Amino acid sequence: MLTKRQNLMETIKGGKPDRFVNQYEFLELIREAPKEAFMTPKGTEVKNAWGITIRWPEGQIGSFPVHDHGHKVLQDITKWREYVKAPAVDYPAERWTEAIAHAKAVDRDEKFVTAFVTPGIFELTHYLMGMEDALMSYYEEPEAMHELIEYLTEYELQYAQQMIENIHPDALFHHDDWGSQISSFMSPETFREFILPAYKKIYGFYKDNGVELIVHHSDSYGVNLVPFMIEMGIDIWQGVMNTNNIPELIKEYGGQISFMGGLHSGEIDFPDWTPEIVMEHVEKACKECGKLYFIPNLSQGAPISSFPGVYEVTSEAIDKMSAELF
């Protein structure tokens, strides 16, 4: 029987996996690594070192930045240098103690020691100024947006250096949502101009420093961005929704990139979910997408579910499909 790491590599390299890769089983996320807060417990809010206020209202399934006039960090993109101040990344050694211990405890023959980075470059632009202002600024003030993105990229590279020196990751799990369920947030041309160069630097830096696997989370539509994902060095697109034609993506791009998702959390992970609903979706995804270049997974950007039991029952359903199809 292959280890989880071996089975993953067989799957994404077009080899001979002996079962489906089961969701996040191959990644050991080192969440203890020091970083600025971009989430907050339910019913609370936090203002992080960027000055971004993150709030999780009661009754919602997640947290998000607050962008009314009193909370928006960046009011005018042309004056971004006055408002945007990146936090220092030279954390004291004791802040890394738990992360280093966790990384050392991992059997690297079984799983990838994984650096976890969120939010991404695009997300950070709209966390700072709001989605509407950010999207308009790409078109109305491109020079300032290029400058801001370069600044954010340098911050990411400095943080990457600290991550590499302290936990020596062999995988990176990086968030940056690039679309809605039915379209990308920006045109491919705009994405190519602004986002692609930043990630070629960031992912290239990780790869040049011993990181074998780049897993990128974007639980969205992104068919039109896949060539750029390949160019920037992504090995696995995690969060790929079934609003993308995943079998066609596998047919066209399998061998260059793999697809982790296919199980739409909105259709499975909801208050009235049942094991039967989960099994129906898992069976459909596994049979349609096949054994290579595909990892069945809820579209959530972490090994969790919004409602208790959904993630675990999904994993059980994937094991059942492995028993049936392998």
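In this predicted model, the buried residues of helix α4 are Ile121, Phe122, Glu123, Leu124, Thr125, His126, Tyr127, Leu128 and Met129. That is nine of the nine residues of α4 (residues 121-129), so the helix is largely enclosed by the rest of the structure. The chain around α4 holds 12 helices and 10 strands. Its radius of gyration is 20 Å, close to the 20 Å given by the globule rule for 326 residues, so the chain is as compact as a globular protein of that length.

**Helix α4 and its surroundings**

- The cover over the buried residues of α4 includes two strands, β4 (64-65) and β6 (171-175).
- Helices also contribute to this cover, among them α5 (131-140), α6 (142-167) and α7 (188-208).
- After α4 comes Gly130, which has a positive phi near 95 degrees.
- On the other side of α4, the loop that runs between β5 (112-117) and the helix contains Pro119.
- The peptide bond between Thr118 and Pro119 is cis, with omega at about -5 degrees.

**Phe38 and its contacts**

- Phe38 sits in the loop between β1 (27-29) and β2 (45-47).
- The relative accessibility of Phe38 is 13%, which is under the 20% cut-off, so Phe38 counts as buried.
- Leaving aside residues up to four places away in sequence, Phe38 touches Asn48, Trp50, Ile52, Ile54 and Ser63.
- Phe38 also touches Thr118 and Pro119, the two residues joined by the cis peptide bond.
- Leu124 and Tyr127 are further contacts of Phe38, and both are among the buried residues of α4.
- Phe64 is 26 residues away from Phe38 along the chain, and the C-alpha atoms of the two are separated by 8.1 Å.

**Backbone angles in other loops**

- Most residues other than glycine have a negative phi, and most peptide bonds are trans.
- Gln23, which is not a glycine, has a positive phi of about 55 degrees.
- Gln23 belongs to the loop between α1 (4-12) and β1.
- With a relative accessibility of 0%, Gln23 counts as buried.
- His168 is another residue other than glycine with a positive phi, here near 50 degrees.
- The loop that holds His168 lies between α6 and β6, two of the elements that cover α4.

**The chain as a whole**

- The C-alpha trace spans about 60 × 40 × 40 Å along its principal axes.
- Of the 326 residues, 53% count as buried.
- Among contacts between residues at least 6 apart in sequence, 69% join residues at least 24 apart.
- The accessible surface comes to about 14,400 Å², and carbon and sulfur atoms account for 51% of that area.
- The chain carries 27 positive and 51 negative charges, and the mean positions of the two sets are 3 Å apart.

**Annotated domain**

- An unreviewed UniProt entry places the feature "domain: Uroporphyrinogen decarboxylase (URO-D)" at residues 48-314.
- Over residues 48-314 the chain is 44% helix and 14% strand.
- The end C-alpha atoms of residues 48-314 are 34 Å apart.

How values were computed. Residues numbered from 1 in each chain as written. Predicted model: local features only at pLDDT ≥ 70, side-chain atom pairs only at ≥ 80, totals over all residues. Heavy atoms only, no water. Helix = DSSP H or I, 4+ residues; strand = E, 2+ residues; numbered from the N terminus. Rg over C-alpha atoms; globule rule 2.2 N^0.38 Å. Buried < 20%, exposed > 50% of the residue type's maximum accessible area, 1.4 Å probe, protein only. Contact = heavy atoms within 4.5 Å. Areas by Shrake-Rupley, 256 points an atom, 1.4 Å probe, with all protein chains shown as cover. Lys, Arg positive; Asp, Glu negative; His and termini not counted. Charge placed at Lys NZ, Arg CZ, Asp CG, Glu CD. UniProt positions renumbered as here; feature names shortened; annotations may be inferred.
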